[in-house]
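These notebook entries record what I looked up in one structure and in what order. I kept each entry short.

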Amino acid sequence: MAIDAYFCEVNCYVRENSFIAKIAASKLKAGSVAIVIGKTIHLHNATRAELLMNQRWLRHEIAHIRQFRHHGFLNFVLLYLWESLLNGYHNNKYEIEARAAENNDRICDGIVIE
Ligand SMILES: [Zn+2]
């Protein structure tokens, strides 16, 4: 995976109490959820501060922001949904990539969280 190709400056956003994340949480039967759509990390049952303090979690979500940027918004939505249909959530290659990014201490380089 050429994740180094992703490194570029990106301004991104965090939205707490997100309705989209609330729906995702109920579908996933999860307590706290973060879901990235474009450049925004949508949170349910978690605060911006909790996300920013949790380095591995933040890296994971930043990896998804880079995936959106790399593939393009609509293209990535379709690719992600297709992967999920084929392989489910855990084995979705974009999730595998994002989990690997949790150990990447450069993934947040150039990221500005508004
Ligand atoms: Zn993920």
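**Entry 1. Two helices that cross**

I began with α3 and α4 in this predicted model. The axes of α3 and α4, the latter covering residues 73-87, approach to within 6 Å and cross at roughly 115 degrees. I noted the handedness of this crossing as right-handed.

I then listed the residues that meet. From α3 these are Gln67, Phe68 and His71, and from α4 they are Phe73, Asn75, Phe76 and Leu79. Sorted by class, the contact holds four nonpolar residues, three polar residues and no charged ones.

**Entry 2. Helix lengths and burial**

I checked both helices against the expected rise of 1.5 Å a residue. For α3, 17 residues should span 24 Å, and the end C-alpha atoms are 24 Å apart, so the two values agree. For α4, 15 residues should span 21 Å, and the end C-alpha atoms are 21 Å apart, which also agrees.

How many of the 15 residues of α4 are buried? I found the number to be zero, so α4 lies largely in the open. For α3, I recorded a run of buried residues: Leu58, Arg59, His60, Glu61, Ile62, Ala63, His64, Ile65, Arg66, Gln67 and Phe68. Charged residues appear in that list, among them Arg59, Glu61 and Arg66.

I also looked at what follows each helix. Glycine 72, just after α3, has a positive phi of about 95 degrees. Glycine 88, just after α4, has a positive phi of about 80 degrees.

**Entry 3. The nonpolar core**

I turned next to the largest nonpolar core, which has 19 residues. Ala21, Ala34, Leu43 and Ile62 have the most contacts inside it. Two or more residues each come from α1 (19-28), β2 (33-37), β3 (40-44), α3 (55-71) and α5 (93-101). Which element gives the largest share of this core? I found that α3 does, with five residues. As background, I noted that nonpolar side chains tend to be buried together in soluble globular proteins.

I followed two of the core residues outward. Alanine 21 touches Val33, Ala34, Ile35, His42, Leu43 and His44, with residues up to four places away in sequence left out.

Alanine 34 sits in strand β2. Is alanine 34 buried or exposed? With 24 C-beta neighbours inside 10 Å, against a threshold of 20 or more, alanine 34 counts as buried. Beyond four places in sequence, I listed its contacts as Ala21, Ile41, His42, Leu43, Ala46, Leu51 and Glu61. I also took one distance from alanine 34 to histidine 70: they are 36 residues apart in sequence and 20 Å apart in space, C-alpha to C-alpha.

**Entry 4. Alanine 46 and arginine 15**

Alanine 46 is in the loop between β3 and α2. I counted it as buried, because 21 other C-beta atoms lie within 10 Å. Apart from residues up to four places away, alanine 46 touches Ser32, Ala34 and Leu51.

I then computed the separation of alanine 46 and arginine 15, which are 31 residues apart along the chain; their C-alpha atoms are 10.0 Å apart. Arginine 15 belongs to strand β1 (residues 10-15). It is partly exposed, because it has 16 other C-beta atoms within 10 Å. Outside its own four-place neighbourhood, arginine 15 is in contact with Thr40, His42 and Leu43. Isoleucine 41 lies 26 residues from arginine 15 along the chain, and I found 6.1 Å between their C-alpha atoms.

**Entry 5. Positive phi outside glycine**

Most residues other than glycine have a negative phi. I therefore looked up two residues with positive values, given that general tendency.

Lysine 29 has a phi near 55 degrees. I placed lysine 29 in the loop between α1 and β2. It counts as exposed, because it has 6 C-beta neighbours inside 10 Å.

Asparagine 45 has a phi near 60 degrees. I placed asparagine 45 in the loop between β3 and α2. With 15 other C-beta atoms within 10 Å, asparagine 45 is partly exposed.

Definitions and conventions
Residues are numbered from 1 along each chain as its sequence is written. This is a predicted model: local features need pLDDT of at least 70, side-chain atom pairs count only at pLDDT 80 or more; totals for chains, interfaces and linings use all residues. A nonpolar core is a set of buried Ala, Val, Leu, Ile, Met, Phe, Trp, Tyr and Cys residues joined through C-beta atoms within 7 Å. A residue is buried if 20 or more other C-beta atoms lie within 10 Å of its own, exposed if 12 or fewer, and partly exposed in between; C-beta atoms are placed from the backbone. Helices (H or I, at least four residues) and strands (E, at least two) are DSSP runs, numbered from the N terminus. Two residues are in contact if their C-beta atoms, placed from the backbone, lie within 7 Å. Axes are lines fitted to C-alpha atoms, for helices over the stretch in contact, and angles run from 0 to 180 degrees between N-to-C directions. A crossing is left-handed if the near helix is turned anticlockwise from the far one by less than a right angle, and right-handed if clockwise. The expected span of a helix is 1.5 Å times one less than its number of residues.
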